[in-house]
Amino acid sequence: ALKLLLLTMVRTNELRGAMWSEINLDKKEWRIPPERMKMRELHIVPLCNQAIKLLQEIRMLHDNEIYVFPNSQNHTKPMSNNTMLYALYRMGYHGRATGHGMRATASTILNENGFKSDVIERQLAHAERNKVRAAYNHAMHLPERKDMMDWWGNKVDSYTNE
């Protein structure tokens, strides 16, 4: 779950509530419905090859489940909201890292590597703060986000394979 969180840049609640019905491995995208999003808008998450591979591995473990990460006690519910945080604690990151912090890390690295801020902000599902611009600009930046997420997946691989 933590690796998929890093690879997709979604919020922890969005990941823990992920349902297999939202994910299309052939199209390499995850469509999170508005009711599960903070801003109540559909969010399309382009999936890099690393995320696809990870989801395929997870699917083998949870083939008949509704949730990508079902609750260990009750498979009709998503995993607990503390599962990922406590995993970070057990890895020695207590007080130094959170699941949400991975979004900031990804944003920082992508900005430092020249990706457009509009594209990064859209990937993070952030709303436009300029109300006039928000009223007129409804761009999803999907082609650019797909390229960026492919680059990001390779970057994450380069860190984890060192």
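Two strands count as paired if DSSP finds at least two bridges between them. With that in hand, we can walk through this predicted model, beginning with one such bridge: Ile 23 has Trp 30, in strand E2, as its bridge partner.

Let us follow that pairing a little further. Next to Ile 23 in the sequence comes Asn 24, and this residue stands opposite Glu 29 in E2. Together, E1 and E2 (residues 29-32) are joined over 2 bridges, in the antiparallel sense. The two strands form a hairpin with 4 residues between them, and there Lys 28 adopts a positive phi near 60 degrees.

On the other side of the pairing story is E3. Strands E2 and E3 are also antiparallel, and here the pairing runs over 4 bridges. One of the residues involved is Arg 31, whose bridge partner in E3 is Ile 44. In general, the strands of a sheet pair through backbone hydrogen bonds, in either a parallel or an antiparallel way.

Now put the pieces together. The 3 strands make an open sheet, ordered E1-E2-E3, with antiparallel pairing. Strands E1 (23-24) and E3 (43-46) are at the edges with a single partner strand each, so one side of each has no neighbour in the sheet.

How many helices and strands does the chain hold? There are 8 helices alongside the 3 strands. Read from the N terminus, the order is α-α-β-β-β-α-α-α-α-α-α, so that you meet two helices, then the strands, then the remaining helices.

A good place to pause among the helices is Pro 78, in the loop between helix H3 (49-61) and helix H4 (83-93). Leaving aside residues up to four places away in sequence, Pro 78 touches Arg 16, Gly 17, Tyr 67, Phe 69, Pro 70 and Asn 71. The C-alpha atoms of Pro 78 and Ala 18 are 7.9 Å from each other, although 60 residues separate the two along the chain.

Finally, step back to view the whole chain. Its C-alpha trace spans about 45 × 35 × 30 Å along the principal axes. The radius of gyration is 16 Å, which agrees with the value near 15 Å that a compact globule of 162 residues would have. Of the contacts with a separation of 6 or more, 58% are between residues 24 or more positions apart. Buried residues account for 38% of the 162 residues.

The surface has its own numbers. About 9600 Å² is exposed, with 51% of it supplied by carbon and sulfur atoms. As for charge, the chain has 23 positive and 18 negative charges, and their mean positions are 5 Å apart.

Notes
Residues numbered from 1 in each chain as written. Predicted model: local features only at pLDDT ≥ 70, side-chain atom pairs only at ≥ 80, totals over all residues. Heavy atoms only, no water. Rg over C-alpha atoms; globule rule 2.2 N^0.38 Å. Buried < 20%, exposed > 50% of the residue type's maximum accessible area, 1.4 Å probe, protein only. Contact = heavy atoms within 4.5 Å. Areas by Shrake-Rupley, 256 points an atom, 1.4 Å probe, with all protein chains shown as cover. Lys, Arg positive; Asp, Glu negative; His and termini not counted. Charge placed at Lys NZ, Arg CZ, Asp CG, Glu CD.
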